[in-house]
Amino acid sequence: MSDYLQVSTATPTREDAVRLAGSSVEAGLAAGAQVIGPVVSVFWHEGRYVEGEEWQVLLKTTAARYSELEAHLLDRHPWANPEVGAVPITRGSVAYLGWLDKSTGKN
């Protein structure tokens, strides 16, 4: 398993996305975050096909902080059942990964 993760979620508004990104970084649960949007999302919701606009939030963290970050996002998210997923960061520059460790309290 990778020691580093990119965690993603999506929100209905830019303000919600910036709020989640900011609170996650301020809490030291993520080293940094980007807000991208609006993006078009296509998905199933309550048995219906839906298309809509969302704001994507990408957060960089360590595997050790993932559980806390997930709980933070779920607790503060405007949706009852939001997307929260993570993919491993399998490679990165030594300086970048060191910054990620330092910013999330690993070192």
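Let's start with the interior: of the 107 residues in the chain, 38% are buried. Keep in mind as we go that this is a predicted model.

Stepping back to the overall form, the C-alpha atoms fit in a box of roughly 45 × 25 × 20 Å along the principal axes. The radius of gyration is 14 Å, and this agrees with the value near 13 Å that a compact globule of 107 residues would have. On the outside, the chain exposes about 6,400 Å², with carbon and sulfur atoms supplying 52% of that area. As for charge, there are 9 positive and 13 negative ones, and their mean positions lie 8 Å apart.

Now follow the backbone from the N terminus. You will pass 3 helices and 4 strands, in the order β-α-β-β-α-β-α. How much of the contact network links residues 24 or more positions apart? Among contacts with a separation of 6 or more, such pairs account for 72%.

Your next stop is strand β2, which spans residues 32-45 and includes Pro-38. The peptide bond joining Gly-37 to Pro-38 is cis, with omega at about 0°. Once you leave β2, you reach Glu-46, in the loop that leads to β3 (48-62). Glu-46 is not a glycine, yet its phi is positive, at about 50°. Both details deserve a second look, because most peptide bonds are trans and most residues other than glycine have a negative phi. Is Glu-46 buried or exposed? Its relative accessible area is 73%, and since the cut-off for exposed is over 50%, Glu-46 counts as exposed.

Finally, let's turn to helix α3, which covers residues 94-103 and has Leu-97, Leu-100 and Asp-101 as buried residues. Why do these three belong to the same side of α3? They do so because the arc they cover around the helix axis is only 100°. What does this buried side of α3 pack against? Its buried residues meet two strands, β1 (4-11) and β3, so β3 comes back into the story here, having already appeared as the strand that follows the Glu-46 loop. Look at the face of α3 turned away from the buried side and you will find Ala-95 and Lys-102, both exposed. Just after the helix comes Gly-105, with a positive phi of about 85°.

Notes. Residues are numbered from 1 along each chain as its sequence is written. This is a predicted model: local features need pLDDT of at least 70, side-chain atom pairs count only at pLDDT 80 or more; totals for chains, interfaces and linings use all residues. Side-chain values use heavy atoms; hydrogens and water are left out. The radius of gyration is taken over C-alpha atoms; the globule rule is 2.2 Å times the number of residues to the power 0.38. Buried means under 20% relative accessible area, exposed over 50%, partly exposed in between (1.4 Å probe, protein chains only). Contact means heavy atoms within 4.5 Å. Accessible areas come from the Shrake-Rupley method with a 1.4 Å probe; for residues, only the protein chains shown count as cover. Lys and Arg count as positive and Asp and Glu as negative; His and the chain ends are not counted. The place of a charge is taken as NZ of Lys, CZ of Arg, CG of Asp or CD of Glu. The arc is that of the directions from the helix axis to the C-beta atoms.
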